[in-house]
Amino acid sequence: MFFPEYRARRMRRNDNIRRMVRETFLRVDDLIYPMFSAFGENIKKEIPSMPGIYQQSINNIVAEAQEVYDLGIPAVILFGIPEYKDSMGSDAYCDTGIIQETIRAIKKQVPGLTIITDVCMCEYTDHGHCGVIKGEDVDNDETLKLLRAEALSHVQAGADIVAPSDMMDGRIAAIREELDENDFSHIPIMSYSVKYASAYYGPFRDAADSTPQFGDRRSYQMDPANRLEAFREAALDVVECADFLMVKPALAYLDILRDIKERFDLPLVAYNVSGEYSMVKAAAEKGWIDYDRVMMETLTGMKRAGADLVITYHAKDAARILNG
Ligand code: PBG
Ligand code: ZN
């Protein structure tokens, strides 16, 4: 294929030809929308760094869940902001906890919407770390006990899929065992397999009030410089029977998405995290970029890199465009 006989531009000449040779598609089916459930009555508090995203009490979150369902988005992922936090994060595995009540309320009003729950301790602990503190660090094996209880409590309340995001070693096997022993062998686990210690989570921590009160998460989340370690993390999750793998964040880690997709055959999720959303929103508010186009290009890029599904705060905006 040489110029001038071969001319690549022939295949880009008009919209029909471009449609015919398009390789990657973002579909509404690919989207998962994150929501923050806050304790209280009639609360709808916008997160300053995440325009359009709210901390909401149950009545309002149910209304938004209906809207998400009506847009054709198959699933939401829920995060809870409890009334009280303590050192053991006890609201996380309490049957009347914020998430448990939220799951029941959504299931009652919008039974067709798939509910994924974030399984982690940081939204529920007063110190803001993702597990039990021993000395200066998070104790892995003690934390596993709480994660088991949290995952079980979520599915007992009606969660369809659990998504552990804590990055403790052995958590997928522990949660799988706990669910199986309690007759929940039909519930899939969406593992945050490859989760980096990222500054892109900043706005989320405002949203979930989950900033660590001391130190940071680098003793359990991955070093952003590492690639081979991502393969080891994903391989462990496969052996432990995860049903979905995830790479998080997405935008600065598209190479990792591609690598994981090529090496593992499980459905792969990209988490288009809070900071990635905030940057696009902020630039659009300044009039510096075209919001719709940058959003669609970014989400399509994640799919092209290898993601089957994308967790994104843009989900409703993207669905509106895709639905035409
Ligand atoms: C909880 C959790 C976090 C995110 C998802 N689950 C925060 C963190 O690990 O600090 C981040 C999501 C986002 O930034 O949008 N561990
Ligand atoms: Zn956490």
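## Surroundings of ligand 1 and the cysteines

Twenty residues surround ligand 1, and those that come nearest are Lys195, Arg205, Lys248, Ser274 and Tyr313. The structure is a predicted model, and the values reported here are computed from its atoms. By residue class, the shell around ligand 1 is made up of 11 nonpolar, six charged and three polar residues.

Side chains of the shell also approach nitrogen or oxygen atoms of the ligand, as the following table sets out.

| Side chain (N or O atom) | Atom of ligand 1 | Distance |
|---|---|---|
| Ser165 | nitrogen | 3.2 Å |
| Lys195 | oxygen | 2.7 Å |
| Lys248 | nitrogen | 3.4 Å |

Taken alone, ligand 1 would expose 400 Å², and the protein buries 100% of that area. The space that ligand 1 takes up is, moreover, the largest cavity. Lys195 and Lys248, which belong to the residues that come nearest to the ligand, thus appear again in the table, Lys195 with a distance of 2.7 Å to an oxygen atom and Lys248 with one of 3.4 Å to a nitrogen atom.

A separate matter is the state of the cysteines. A search through the whole structure finds zero disulfides. For Cys94, the nearest cysteine sulfur is that of Cys120, which is 18 Å away, whereas a disulfide requires two cysteine sulfur atoms within 2.5 Å, so Cys94 is in no disulfide. The surroundings of these two residues can be described as well: Cys94 counts as partly exposed, because its relative accessibility is 29%, while Cys120, with a relative accessible area of 0%, is buried.

How values were computed: Residues are numbered from 1 along each chain as its sequence is written. Chains are lettered from A and ligands numbered from 1 in the order in which they are written. This is a predicted model: local features need pLDDT of at least 70, side-chain atom pairs count only at pLDDT 80 or more; totals for chains, interfaces and linings use all residues. Side-chain values use heavy atoms; hydrogens and water are left out. Buried means under 20% relative accessible area, exposed over 50%, partly exposed in between (1.4 Å probe, protein chains only). A residue is near a molecule or strand if one of its heavy atoms lies within 4 Å of it. A polar contact is a pair of N or O atoms within 3.5 Å; within protein, one must be able to donate a hydrogen and the other to accept it, and residues adjacent in sequence count only if both atoms are side-chain atoms. Accessible areas come from the Shrake-Rupley method with a 1.4 Å probe; for residues, only the protein chains shown count as cover. On a 1 Å grid over the protein atoms alone, a cavity is a set of points where a 1.4 Å probe fits but cannot get out, and a pocket is an open set with protein on both sides within 12 Å along at least five of seven lines; lining residues have an atom within 4 Å of a point. A molecule sits in a cavity or pocket if more than half of its atoms lie within 2 Å of its grid points. Ala, Val, Leu, Ile, Met, Phe, Trp, Tyr, Cys and Pro count as nonpolar, Asp, Glu, Lys and Arg as charged, and the others, Gly among them, as polar.
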